[in-house]
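Trainee: I would like a close look at a single part of this model, the second largest cavity and what surrounds it. Please set it in the context of both chains.

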Amino acid sequence: MRLLGAFVTLSLCVYHANAATAGFIKSPLSLMKLIDDSGQLHCEVIGNPIPEVQWWFIEGEEPDETYIQLFDGARDDRVRINATYVQHATSTLYLSDLTLNDTGMYECRASNDPHRNELKKTPKIKWIRSQANVLVFETADILANPESVVNQTSAILNCTITNPPSPIKGSYWTKNGDKIKGTETESVSSITMYTLDKIGNTDGGVYACVFQTEPQSEKNIEVKTPPHVKPYKESEHGNEDDKGVLVCVSHSYPPPTDWTWYKLAENKEKEAISNGTARYEIKSQPNKTTLYIHALDIKTDMGDYQCQGTNELGNAVGKIHLRVRSRLAALWPFLGIVAEVIVLITIIFIYEKKRKPDEITDDDDSGSAPLKSNAATNHKDKNVRQRNSN
Amino acid sequence: MPSPAPTNLDYTPPDGGWGWAVVFGSFISIGFSYAFPKSLTIYYKEIQRYFLSSYSEIAWVSSIMLASMYAGGPVSSILVNRYGSRPVVMTGGVMVGIGMVASSFATSITHLYICVGVIGGFGLAFNLQPALTIIGKYFQVKRPMANGLAMAGSPVFLSTLAPLNQFLCDSFGWRGSFLILGGFVMNCCVAGALMRPIRVKPRMSLDPTANGAKNDKEVSDEKTSTKSPVEKTGCADRVNKFIDLSLFRHRGYLIYLVGNVIMFFGFFAPVVFLALYAKHMQVDEYSAALLLSIFALVDMFARPITGLVANTKWIRPRIQYFFSLSVAYNGLCHILCPFATGYGGLVVYAVFFGVAFGMVCALLFEVLTDLVGPQRFSSAVGLATIIECAPVLLGPPISGALVDIFDDYSYMYYACGVMMLVGGIFLLIMNYYNYKWLAQEETQRRQLEEEKGAMEELKEMGSSAENETDETLA
């Protein structure tokens, strides 16, 4: 097939001396995907005039193969084709929700012959073609034990894979998508294990065992803990009449669904702060909550605040101490320093006035005495001479 | 044997006594000028949060401050030429103080640009130039030592201001801290008060009642001419009274300018990138910060020690070579830096770089005074800062671009190293010729003087003989 294509291209070159015949600058690459995954094949062709690109699906084995052309929206809208014809032709074939039946050979065909689509004429010119294989595998069955960990102090996570799509080359574990160091192994075993000795409330997350097969197989195990709540800064400062910002964060899984703020009075009583009242504003995200206090008052707003985060397994609190600086707090050090500067300058000037007389004359005399005397003698001589002449 | 440049001073500088108090004053002024803009970066995060602005908008404050500092150089020189160092430094201190106090009430970033950037920058420029100038007026024999000590102010102040600013920021917030810093920086006025001007008693030869005899005029011109010879009247003449533009015809000065412009392209960038390079080499934040502290500590001691070394009788006459070699040594450090492996290698580099940086900084203004003389130093340094501001401001961004393009710090270090080596070698070669030509000119001048002296003696002998005959006749 390919040899024929090459021969055709060669003869095309000979035939069309002036125009540039179509040629592939990018050929589609083979894919290996799992069921329900998606993939794309990309093809780029140059030629003058710009060639047309088509996608064909080859079903069956030689010599009984059947060719089916693919169009945008084929296979119940799972096939999309995006083509551009600017300067050169590019075409991308998108396959979504892959099924086992999508496995097969896909062909990118291109031709810029003006008579390429005329079926009545004996097709002198064949299309140039480039092929790529798409293999769709069944997702491997991975048995996770336990399927999820809820509110436990320790756990051992197990994964067993049955019917891997290809031989297992190794495995590792991830937490929230990041590879966990030290869990990588090149063992071809279909069983892998990860131990969590102590599950604190920051150790929760979506863990996954990953088997290095072609393509990769993995299974998630959720580890859920009660919430973890921590103030971003335990001691916050604010300026009088300014805006105060108090922040609490959470690194637990699942993240808190509800956040509430309280102001702690001296008698340990809590007073709930609600959003939108008076000067308070609360902005919450799953893992962060912010309390804004507008126009801080030094008498009433100073003190301890408590943030509480709640998820399906319980709640946790964090405490922040807010200090309100009076507007004049910095004024005293400033005045102190200015006073010190003035005092020092006064001392220096007084000292200078007292020492002024002796310093200058010494310098002058030592430096220029000899020269001065010479000038004096010259001067005197000249004067004497002139007076005499007059 | 290279001869030292003429001092052109009418008096012998005291070389001690109150001079050391002046050095202390300069220490404070120089320390504030160099360290203050760099230490303000600690507040940027809080200001950014307050005004909800991007980092580049905040970074403009530093750039404007530095630019104003350089632009203010010539203005500062003119004022020093006219009024002397003390009033200019005190004015500068007050300006920075007012600028900082005003900025503590700022309601937008633009206010910060103006108050901290423009006013603060100009105020610091009014501190830097006079502080450098007055050392030349007070010291001749021990000048390199004095310069080295004064320049040590920069690293000392940087090491103290950095933690102080952190503490102020935590305790008072940025507004309160700016207010307090405004007061703190007024200590420059104290430094200015220390810079007692040297008062020169007016000479008899300047006495205009002399009968316009030729000899009188010659004598007065030789001894008291501190400005450049004023022959033509007009605009150029008036400009020259304020700032000495004839410096651009001074051979040594031109050599200094060209060498420095080349050198400054690669001078500051390695300092800026030291911590970043360390982090790039997988060093944690604290150790990277420690590198900078090591660098600053070594720098602090290298400057006075370099001053001391430069003062010795072997180095002083050849100080230009010493300077060129330190510049070249800097370049060598940078070229070898990419070969440093691991944290230990970086520490070694930081130590050597600290020594190199300190050497160049300590000698930077000493060699300028050595070339043009203390009298013209003020104008020289003003013109130099405004010309050097281009490579100083462009150097770090260009190096940053190099790092971005090649994604590798080695090329930036090579580039900086090469720039400094080229600058150093240029200075070395040109100064060798300059010394030679200066020696030739010196011998020619001596010959001319001897001939003149001989002729004058003959004239005097002739005139005294006439006098005797006149008197005997009368």
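Mentor: What follows starts at the cavity, moves out to the packing around it, and ends with some local features of the other chain.

The model is predicted. Applying a cut-off of 30 Å³ or more gives 2 cavities. The second largest cavity holds about 50 Å³ of space. Its lining consists of Leu40(B), Tyr44(B), Ile47(B), Ile58(B), Val61(B), Leu112(B), Val116(B) and Phe178(B). Three elements of chain B each give two or more residues to that lining: helix H2 (44-51), helix H3 (55-83) and helix H5 (109-138). By residue class, the lining has 8 nonpolar members, with no polar and no charged ones.

Some of these lining residues reappear in the packing. The largest nonpolar core has 124 residues, and those touching the most other members are Phe36(B), Leu40(B), Tyr43(B), Leu112(B), Phe178(B) and Tyr253(B). Helix H15 of chain B, residues 342-372, supplies the largest share of this core, with 16 residues. Leu40(B) shows how the two descriptions meet: beyond its neighbours within four places in sequence, Leu40(B) contacts Met65(B), Met100(B), Val116(B), Asn165(B), Phe178(B) and Leu181(B). Among these partners, Val116(B) and Phe178(B) also line the cavity. A separate core of 22 residues includes Ala22(A), Cys43(A), Cys108(A) and Ile128(A). In soluble globular proteins, nonpolar side chains tend to be buried together.

The chain that holds the cavity lining has 17 helices and 0 strands. Of the 474 residues in chain B, 52% are buried. When contacts in chain B between residues at least 6 apart in sequence are taken, 86% of them join residues at least 24 apart. Chain B has an accessible surface of about 21300 Å², with 68% belonging to carbon and sulfur atoms.

Chain A is built from 3 helices and 26 strands. Buried residues account for 37% of its 390 residues. In chain A, 62% of the contacts between residues at least 6 apart in sequence link residues at least 24 apart. About 23100 Å² of chain A is exposed, and carbon and sulfur atoms supply 53% of that area.

Asn187(B) is a place where the chains touch. This residue belongs to helix H8 of chain B, residues 187-194. Leaving out residues up to four places away in sequence, Asn187(B) touches Ile337(A), Glu340(A) and Val341(A) as well as Ile28(B) and Phe32(B). Asn187(B) counts as buried because its relative accessibility is 11%, below the 20% limit.

Within chain A, Trp173(A) sits in strand E13, residues 171-175. Its relative accessible area is 1%, so Trp173(A) is buried. Trp173(A) lies 35 residues from Ala208(A) in sequence, yet their C-alpha atoms are 5.6 Å apart.

The backbone of chain A also has details to check. Most residues other than glycine have a negative phi, and most peptide bonds are trans. Asn145(A) and Pro146(A) are joined by a cis peptide bond with omega about 0 degrees, and Pro146(A) is in the loop between strand E10 (141-145) and strand E11 (148-150). Another cis peptide bond, with omega about -5 degrees, joins Tyr253(A) and Pro254(A). Asp36(A), not a glycine, has a positive phi of about 75 degrees; Asp36(A) is exposed, with a relative accessible area of 58%.

Key
Residues numbered from 1 in each chain as written. Chains lettered and ligands numbered in written order. Predicted model: local features only at pLDDT ≥ 70, side-chain atom pairs only at ≥ 80, totals over all residues. Heavy atoms only, no water. Helix = DSSP H or I, 4+ residues; strand = E, 2+ residues; numbered from the N terminus. Buried < 20%, exposed > 50% of the residue type's maximum accessible area, 1.4 Å probe, protein only. Contact = heavy atoms within 4.5 Å. Areas by Shrake-Rupley, 256 points an atom, 1.4 Å probe, with all protein chains shown as cover. 1 Å grid on protein atoms, 1.4 Å probe; cavity = no way out; pocket = protein on both sides within 12 Å on 5 of 7 lines; lining within 4 Å. Points joined across faces, edges and corners; volume = space filled by probe spheres on them. Nonpolar A, V, L, I, M, F, W, Y, C, P; charged D, E, K, R; others polar. Core = buried A, V, L, I, M, F, W, Y, C linked by side-chain atoms within 4.5 Å.
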